[in-house]
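Please look over the chain shown here. What can be said about its helices, its charged residues and its buried positions?

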Amino acid sequence: MNEPFFLQPSDDSQRKIMYISYGLFGLGIIFGGLPAIAGVILVYIKREDMQGTAYYDHMCFLIRTFWGTLAGFVLGMILSLIGIGIVLIWLISIWYVFRVIYGAVKLFDNKSVTPTGWFM
């Protein structure tokens with residue numbers, strides 16, 4: 001079985017960047033997508049600095065969360081013309097909340113995430 005991968009202690013500034021990133025993504029739940037846009041910009045800017053650290057997986061996880069949510073919302077808006085889009089938008093919203101909370105909990109527990117997984 002896969003054993004959990006624990007994050008090694010590293011630079012406190014990198015950890016703070018991750019807290020801020022997850023915070024912005026979390027604020028995106030409350031205030032719409034604008035804080036999440038700021039969060040993904042921050043993640044893209046700092047991703048090179050995190051290369052080779054355990055936080056890099058969290059960065060990729062957040063990027064995938066952002067683009068997956070955006071694609072889901074665009075598809076949901078298009079499909080709302082035939083009525084099924086509203087359901088898709090609700091499902092994408094639940095998926096987004098799940099991923100942000102899941103990733104933040106893993107970060108607080110000093111554990112890594114699977115950046116290529118769609119759910120965990």
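The report below goes from the overall layout to single residues.

## Overall layout

This is a predicted model. The protein chain has four helices and zero strands. Read from start to end, the pattern is α-α-α-α. The chain holds 120 residues, and 39% of them count as buried.

Sequence separation also says something about the fold. Take the contacts in the protein chain with a separation of 6 or more. Residues 24 or more positions apart account for 62% of them.

## Helices H3 and H4

Two packed helices are described by the angle between their axes and the distance between the axes. Helix H3 spans residues 55–79, and helix H4 spans residues 85–108. The axes of H3 and H4 come within 8 Å. They cross at roughly 170°. An angle over 145 degrees counts as roughly antiparallel, so H3 and H4 are roughly antiparallel to each other. By class, the H3 contact with H4 has 13 nonpolar residues, nine polar and three charged.

Ser-93 gives a point of reference on this pair. Ser-93 lies in helix H4 and is partly exposed, at 25% relative accessible area. Ser-93 and Gly-72 are 21 residues apart in sequence. Their C-alpha atoms are 9.0 Å apart in space.

## Two more positions in H4

Val-100 also belongs to helix H4. Is Val-100 buried or exposed? Val-100 is buried, with a relative accessible area of 5%. Because the cut-off for buried is under 20% relative accessible area, the value for Val-100 qualifies. Beyond its sequence neighbours up to four places away, Val-100 touches Tyr-22, Phe-25, Gly-26 and Ile-29. Phe-25 is 75 residues from Val-100 along the chain. Even so, the C-alpha atoms of Val-100 and Phe-25 are separated by 6.7 Å.

Ile-94 sits in helix H4 as well. Ile-94 is exposed, with a relative accessible area of 53%. Exposed means over 50%, so Ile-94 falls in that class. Ile-94 and Ile-29 are 65 residues apart in sequence. From C-alpha to C-alpha, Ile-94 and Ile-29 are 9.9 Å apart.

## The salt bridge in H2

Side chains of opposite charge can pair when their charged atoms come close. How many salt bridges does the count give? The count comes to one salt bridge. Lys-46 forms a salt bridge with Asp-49. The closest N and O atoms are 3.7 Å apart, and the cut-off is 4 Å.

Both partners lie in helix H2, residues 34–50. Lys-46 and Asp-49 are three residues apart, about one turn of the helix. Lys-46 is partly exposed, with a relative accessible area of 27%. Asp-49 also counts as partly exposed, at 48% relative accessibility.

## Lys-106: buried without a partner

Lys-106 is in helix H4. Lys-106 is buried, yet it has no salt bridge. Which side chain of opposite charge is nearest to Lys-106? It is Asp-109, at 6.7 Å. A salt bridge needs the nitrogen and the carboxyl oxygen within 4 Å, so this pair does not qualify.

What does Lys-106 contact, leaving aside neighbours within four places in sequence? The contacts are His-58, Lys-111, Ser-112 and Val-113.

## Asn-110: an uncommon phi

Most residues other than glycine have a negative phi. Asn-110 is not a glycine, but its phi is positive, at about 60°. Where is Asn-110? Asn-110 lies in the segment after H4. Asn-110 is partly exposed, with a relative accessible area of 33%.

## Gln-14 in H1

Gln-14 is found in helix H1, residues 12–31. At 15% relative accessibility, Gln-14 counts as buried. Which residues does Gln-14 touch, not counting those up to four places away in sequence? Gln-14 touches Asp-49, Met-50, Thr-53 and Tyr-55. Among them, Asp-49 is the salt-bridge partner of Lys-46.

How values were computed
Residues are numbered from 1 along each chain as its sequence is written. This is a predicted model: local features need pLDDT of at least 70, side-chain atom pairs count only at pLDDT 80 or more; totals for chains, interfaces and linings use all residues. Side-chain values use heavy atoms; hydrogens and water are left out. Buried means under 20% relative accessible area, exposed over 50%, partly exposed in between (1.4 Å probe, protein chains only). Lys and Arg count as positive and Asp and Glu as negative; His and the chain ends are not counted. Contact means heavy atoms within 4.5 Å. Axes are lines fitted to C-alpha atoms, for helices over the stretch in contact, and angles run from 0 to 180 degrees between N-to-C directions. Angles under 35 degrees count as roughly parallel, over 145 as roughly antiparallel, 65 to 115 as roughly perpendicular and the rest as oblique. Ala, Val, Leu, Ile, Met, Phe, Trp, Tyr, Cys and Pro count as nonpolar, Asp, Glu, Lys and Arg as charged, and the others, Gly among them, as polar.
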